[in-house]
Amino acid sequence: EVKDEYKQKKKKTVIKYLKTYFSKVDFQVIARDYTVAYQSAFYDFDVDMEIKLEKSGEIYLPSFIRYEGWWDIPTKKRETSEFRSIFNY
């Protein structure tokens, strides 16, 4: 959640939502959900991401990525993207 001291500045922050999931065993990050957005005269964007990690050997690698959002830069055409990727190791 947005900290109290930043609530009045909500339009100026880039990270609108961030949720992190940890492993109960070793507190390793195993997933994150993000919403990032910003609006200014130079560019605008609004993107949601979901990322899940799996252990492969000794390291954690992405096992799932979901990305949905758009971005807009003046003088350029607005771009929208949506994809889901599943990785098997």
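Here are a few notes on aromatic rings, ring-facing charges and one buried acid in this predicted model.

1. Let's start with the rings. There are six aromatic pairs in the structure. Take Tyr38 and Tyr43: their ring centres sit 5.8 Å apart with the planes at 40°, so this pair counts as tilted. Both partners have some surface showing: Tyr38 is partly exposed at 25% relative accessible area, and Tyr43 is partly exposed too, at 38%.

2. Compare that with Phe87 and Tyr89, an aromatic pair that comes out as stacked, with 6.5 Å centre to centre and 10° between the planes. The angle is what decides the label here, because planes under 30 degrees apart count as stacked. Phe87 is partly exposed, with 32% relative accessibility, whereas Tyr89 is exposed, at 55% relative accessible area.

3. Back to Tyr38 and Tyr43 for a moment. Together with Phe45, these two tyrosines make up one aromatic cluster. If you're colouring rings in your viewer, you could give Tyr38, Tyr43 and Phe45 one colour, as members of that cluster.

4. Tyr89 deserves its own point. You'll find Tyr89 in the segment that follows strand E5 (79-86). Leaving aside residues up to four places away in sequence, Tyr89 touches Ser56, Leu61 and Pro62. With Pro62 there is also a polar link: a polar atom of the Tyr89 side chain lies 2.5 Å from the backbone oxygen of Pro62. As for the other end of the numbering, Lys3 is 86 residues away from Tyr89 along the chain, and their C-alpha atoms are separated by 38 Å.

5. Two positive side chains sit over ring faces. Arg78 lies over the face of Trp70, 3.8 Å from the ring centre. Lys52 does likewise over Phe64, at 5.5 Å from the ring centre.

6. Now the acid I'd look at: Asp33, in strand E2 (residues 29-39). Which side chain of opposite charge is nearest to Asp33? That would be Arg66, at 5.6 Å. Asp33 is buried and yet has no salt bridge, because a salt bridge needs the nitrogen and the carboxyl oxygen within 4 Å.

7. So what does the Asp33 side chain make a polar contact with? The partner is the side chain of Tyr21, at 3.4 Å. Setting aside residues up to four places away in sequence, Asp33 touches Tyr17, Leu18, Lys19 and Tyr21, along with Met49 and Glu50.

How values were computed:
Residues numbered from 1 in each chain as written. Predicted model: local features only at pLDDT ≥ 70, side-chain atom pairs only at ≥ 80, totals over all residues. Heavy atoms only, no water. Phe/Tyr/Trp six-rings, centres within 6.5 Å; stacked < 30°, edge-to-face > 60°. Buried < 20%, exposed > 50% of the residue type's maximum accessible area, 1.4 Å probe, protein only. Lys NZ or Arg CZ within 6 Å of the ring centre and 35° of its normal. Helix = DSSP H or I, 4+ residues; strand = E, 2+ residues; numbered from the N terminus. Lys, Arg positive; Asp, Glu negative; His and termini not counted. Polar contact = N/O pair within 3.5 Å; in protein donor to acceptor, adjacent residues only side chain to side chain. Contact = heavy atoms within 4.5 Å.
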